[in-house]
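Grab a pencil and work through these exercises one at a time. Try each task yourself before you read its solution.

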Amino acid sequence: MQLYEYLIVKDVSQTAFAKKIGVSQPTLHRYLVGETSPSVITAIQIEKLTGREVKVHDWAKLADSFSTVTVNG
């Protein structure tokens, strides 16, 4: 599951979740839209806070999909 899906399903605001993982809401938003990826430590925190519904390796898949779109234009 992607983080944006988790936040919708669990009805958690970006602001509240950002505070729990120690980042600003704009930073969390950049994670959600694929503009940037969280550090490994932050990704592990996200995995723990979501009860492993959003896994660390999900970020790698998300980054791969964005790079494929960028490369293939």
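## Exercise 1: Salt bridges

The count of salt bridges here comes to two, taking a side-chain nitrogen of Lys or Arg within 4 Å of a carboxyl oxygen of Asp or Glu. Keep in mind that this is a predicted model.

**Task.** Find the partner of Lys-10 in its salt bridge, and work out which parts of the chain the pair ties together.

**Solution.**

Step 1. Look for the partner: Lys-10 forms a salt bridge with Glu-53, and their closest N and O atoms are 3.6 Å apart.

Step 2. Place both ends. Lys-10 sits in the loop between H1 and H2, while Glu-53 sits in the loop between H4 and H5, so the pair ties together parts 43 residues apart in sequence.

Step 3. Check the exposure, with partly exposed running between 20% and 50%. Lys-10 has 41% relative accessibility, so it counts as partly exposed. Glu-53 has 31%, so it counts as partly exposed too.

Step 4. Look around Glu-53. Leaving out residues up to four places away in sequence, Glu-53 touches Met-1, Tyr-6, Lys-10 and Asp-58. Its C-alpha atom is also 8.3 Å from that of Gln-2, although these two are 51 residues apart along the chain.

**Task.** Now take the salt bridge of Glu-47 and Arg-52: is each residue buried, partly exposed or exposed?

**Solution.**

Step 1. Start with the distance: the closest N and O atoms of Glu-47 and Arg-52 are 2.7 Å apart.

Step 2. Buried means under 20% relative accessible area. Glu-47 has 15%, so it is buried.

Step 3. Arg-52 has a relative accessibility of 48%, so it counts as partly exposed.

## Exercise 2: The two faces of H2

**Task.** Sort out which residues of H2 are buried, and where they lie around the axis.

**Solution.**

Step 1. List the buried ones: Phe-17, Ala-18 and Ile-21.

Step 2. Go around the axis. These residues cover an arc of only 105°, so they are on the same side of H2.

Step 3. Flip to the face turned away from that buried side, and you'll find the exposed residues Thr-15, Lys-19 and Lys-20.

Step 4. See what the buried residues pack against: helix H1 (3–9), helix H3 (25–32) and H4.

Step 5. Follow the chain past the end. Gly-22 comes after H2, and its phi is positive, near 80°.

## Exercise 3: A threonine in H4

**Task.** Is Thr-42 buried or exposed, and what does it touch?

**Solution.**

Step 1. Find Thr-42 in helix H4.

Step 2. Its relative accessible area is 10%, so Thr-42 is buried.

Step 3. Skipping residues up to four places away in sequence, Thr-42 touches Ile-21 and Tyr-31. Remember Ile-21? It's one of the buried residues of H2.

Step 4. Add the polar contact: the side chains of Thr-42 and Ser-39 meet at 3.0 Å.

## Exercise 4: Zoom out

**Task.** Describe the whole protein, then say where confidence is lowest and highest.

**Solution.**

Step 1. Count the elements: five helices and zero strands.

Step 2. Of the 73 residues, 27% are buried.

Step 3. Check the confidence. The average pLDDT is 85, and 81% of the residues score at least 70.

Step 4. Compare the helices: the mean is lowest in H5, at 58, and highest in helix H2 (residues 14–21), at 97. Over residues 66–73 the pLDDT is below 50, and this stretch has three contacts in the model beyond near neighbours in sequence.

Terms used: Residues are numbered from 1 along each chain as its sequence is written. Side-chain values use heavy atoms; hydrogens and water are left out. Helices (H or I, at least four residues) and strands (E, at least two) are DSSP runs, numbered from the N terminus. Buried means under 20% relative accessible area, exposed over 50%, partly exposed in between (1.4 Å probe, protein chains only). Contact means heavy atoms within 4.5 Å. pLDDT is the predictor's confidence in each residue, from 0 to 100. A polar contact is a pair of N or O atoms within 3.5 Å; within protein, one must be able to donate a hydrogen and the other to accept it, and residues adjacent in sequence count only if both atoms are side-chain atoms. The arc is that of the directions from the helix axis to the C-beta atoms.
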